[in-house]
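Subject: Structure for you to look at

Hello,

Here is the structure I said I would pass on. Please open it first, then read the notes below with it in view.

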Amino acid sequence: MFSLKSITDSIQVWLSANLGATGALIAQCVIVILLAIALFAVLGLVLVLMERKVAARMQVRLGPNRVGPWGSMQTAADTLKLIVKEGLTPDGADKFLFNLAPYIVMIVAMLLLAPIAYANNFQIWDINIGVLYVTAVSSLGVIGILMAGWASNNNYSLLGAMRSGAQIVSYELSAGLAILTIVVLTGSLQISEIVQSQADGWWIFKGHIPAIIAFIIFIIAVTAETNRAPFDLAEAESELTAGFHTEYSGMKFALFFLAEYINIFIVCAIGATLFLGGWMPLHIGNWQAFNHIMDYIPSSVWFFGKVFFLIFLIMWFRWTFPRLRVDQLLNLEWKYLLPISLFNLLLVTMIAILGWHF
Amino acid sequence: MFIKDYISDVYKAAKSLLTGMKTTGYYFTHPKEIVTEQYPDNRDTLKMAERFRGEVIMPHDENNEHACTGCTACELACPNATIKVITKFDISPEGKKKKALDTFVYHLELCTMCGLCVEACPTSAIKMGNNFEHSVFDRSKLLKTLNNEGSKIREGVE
Amino acid sequence: MYTETQILKETSTSLLNGEGELVINVGPQHPATHGVLHLVITLNGETIKKIEPHLGYIHRSIEKMCESLTYRQFIYVTSRMDYLSAHINNHACAMAVEKAMQIEVPQRAQYIRVILDELTRIASHELWWGALAMDVGAFTPFFYAFRERETITDIMEETCGARLTMNYMVPGGVMADIHPNFQQRVKDFIKLFKKNVDEYDDLVTGNVIFQNRLKNVGYLSPEDAISYGCSGPVARGSGVKSDIRKIAPYDIYNQVQFDEVLETAGDSFARYLVRVKEMRQSISIIEQLIDNIPEGEFQAKTKAVLKPPKGEFYTRVETARGELGVYIVSEGGTTPYRIKFRSPGFSNLSALDHISRGSKIGDLMATMGTLDLVIPDIDR
């Protein structure tokens, strides 16, 4: 199987031979940070363009096509514009919190890049509680949103932030329970082990119908957690103009905007890892020949292919559905998703104990 | 029967959502349905309807002659004082004085393209043109004189 | 003496008013008001306690302006009132002048007028449909609605000469005969519309989120609808018969077969259904008329200067939003002494406070969307 392990290993060997143990560690940290920031920037550019193109195609129009071939440089141009724009701070705002909020949202998004397995043996931090880490850290993002809403000294921002708080706290539950179903099936919280456990087939196929239900609930819950339509109540533009980031402009707005897309990438990466096998190629049981052919496609292509498929699904939701009302949003969670996922978890536990899964 | 209602609720909701996604998915996979016109690029092929009211023009024939008698019917018909007809007196070879058009002043910036002037004109001297790209950098450029330099009234138009 | 910034500073120290309520300004610059409507909303949490509409941001004194224009000229100004049904506004004004002057309108002109009225109504409802979907958070329907509306505006452009403010009506008929392509293009549009209107149901009407957003929201009882003077689809959504085309048929509306769409639920979804069904009714009216346009004059012979006799004249028509009344007082001169327009939007807006109290902010946008407010129509 094609692997990036040889490259990473040779870099490590070269660094420790030339810089000593401490120097090598520092150099590796720098490389990782640079790579993370590069991924961050590239993802921002690609995802924003992808969203606009997907939206355009669904809305019988062309989308950006002026800057660069097929509009490929459009997001770069937009970013440039946002950088040179004036960053306004409203009168009466809590200046410290107002300026801090976008960075908190951003830092949370960056922290979540760490435990994701991008390819075979290509992972920043293979922590043994990887899934727990992701669920724990991802809920910190709401602090930034609440901070932004409160510090703006704007009624719309405040309403948006409060909605966002209620929403993320509720949807954490069903997202967590959906993740738990896979943890129960795998018996491990470590991302690399979860991926390895899908070497003979992805969990969405191996786990019968309960895994599919868990997958659907996971997609719905993470759509809500990332404040995407139809759950974008925190920034419902027809109701609250722009919700929690009404008062933000320039680069601070761009950070919120970027963090939203990075969050989508991360939740889709987690979904792909848990349900669709992460970087694991499509393997079916003991069909050696078939599995062997699938192994020729590099693992990073598998990973990004799955992630972008899930991202497309979430974008498809956004450009099709109307927005829910705030009470309907909570109804959906507490009356439908939570009972179903609790029952589903029970089923999965039974399957896992009896060993009915493939 | 609570459970049955609950499940049918969920089923119906999921079905209605999937129907919507099918529609948008259809358009996503069929780029031929795109209706966008790439306006400034398609200037050459862009054809406006012949009746489209873009501005008031005064057609002149090859002898630099128009059909305006200077009767000011258009000026009276205009609701916005867009048109100002300045007349002069031509002296015909017989020595008779005859009213004729001197300058046809047209304030494009005041015009609402209602077409009442064209409707009022007894000699069809003015009509609505198709040009709709009126943006200029200086507002005074919107003040236009419709009759050409040295033009005169066509023979036989009364 | 206060300076402006001082006042702003003092009011911005607290987000809440004296009673602990949150006061937010929706508009005059807000994505959901579709114009410069300003609503001061008092909130308790997310629940609406009071709505106070502030009008006048786009007041252009059209009624006063009409007093200085002749009877031929003032018709074009009324396109700017309810710009989405400009043609129907012009129709009402032309009818008022014809009534005053006792002009008999030729049959051909009446057919053309009614067909264009119904096309305008469909175009207006299309835009409303897209905008409502946008208000409740779905973007894509807006573009589908505009795709069909574009076909109508193209037809209008070809025959009337303009896309939005047509000014095709003159006292005594229409300004010019229909374009030779007109009938064929309208038939093509009917085909296209029938194909695409099912998509609307798939995408929006049947959608469970959309239905939940509109059902049991903004309930307007039939009594309230009458006492607030609501008309058009808003009143018909509450089960009040208010279609002027049926009550007081004008032009050839008494010769065509169509149903007055009535829904009895009175909530936002009922108003939604009324408009969607009305689009199909309009299509059926056009289908009945398009092949039977009689030959003849398109404009009656009128004097160059219109001088109606002394007196008061009132006509009313059914626009896309409801009942539009035109009231002319003539002193026998070339310009009207006084003109008053009874605009449907103003009366429909007055019910907003009553029907939105106790609902959520999200509901307000849905309710406002189904009232189909056009702000220049309210302010004039």
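I will begin with contacts in chain A. Of the contacts there with a separation of 6 or more, 78% are between residues 24 or more positions apart. Please keep in mind that this is a predicted model.

The rest of the notes on chain A concern its make-up and dimensions. Chain A has 14 helices and 2 strands. Its C-alpha atoms fill a box of roughly 65 × 55 × 45 Å along the principal axes. How does its radius of gyration fit with a compact globule of 358 residues? Such a globule would come out near 21 Å, and chain A has 21 Å, so the two agree. Buried residues account for 47% of the 358 residues in chain A. A residue counts as buried here if 20 or more other C-beta atoms lie within 10 Å of its own.

Chain B comes in two parts. Domain 1 covers residues 1-36 and domain 2 covers residues 55-153. Taken over C-alpha atoms, the centres of these two domains of chain B are 59 Å apart.

In chain C, start with helix 5, residues 107-135. What span should its 29 residues have? At 1.5 Å a residue the expected value is 42 Å, because the rule multiplies 1.5 Å by one less than the number of residues. The end C-alpha atoms of helix 5 of chain C are 42 Å apart, which agrees. Is this helix enclosed or open to the outside, and what is the reason? Of its 29 residues, 25 are buried, so helix 5 of chain C is largely enclosed by the rest of the structure. After this helix comes Gly137(C), which has a positive phi, near 110 degrees.

Chain C also has an open sheet of 3 strands, in the order 6-7-8, with antiparallel pairing. Strand 6 (311-318) and strand 8 (338-342) of chain C are at the edges; each has a single partner strand, so one side of each has no neighbour in the sheet. From one strand to the next, the twist averages 10 degrees. Strand 6 and strand 7 (residues 323-330) of chain C pair in the antiparallel sense over 8 bridges. Tyr314(C) is opposite Tyr327(C), which is in strand 7 of chain C. Helix 4 (residues 86-101) of chain C packs on this sheet and touches strand 6 and strand 7 of chain C. The direction of helix 4 makes about 150 degrees with that of strand 6 of chain C.

Regards

Conventions. Residues numbered from 1 in each chain as written. Chains lettered and ligands numbered in written order. Predicted model: local features only at pLDDT ≥ 70, side-chain atom pairs only at ≥ 80, totals over all residues. Helix = DSSP H or I, 4+ residues; strand = E, 2+ residues; numbered from the N terminus. Rg over C-alpha atoms; globule rule 2.2 N^0.38 Å. Buried ≥ 20, exposed ≤ 12 C-beta atoms within 10 Å, placed from the backbone. Contact = placed C-beta atoms within 7 Å. Domains from an automatic or database assignment. Pairing = 2+ DSSP bridges. Axes fitted to C-alpha atoms, helices over the stretch in contact; angles between N-to-C directions.
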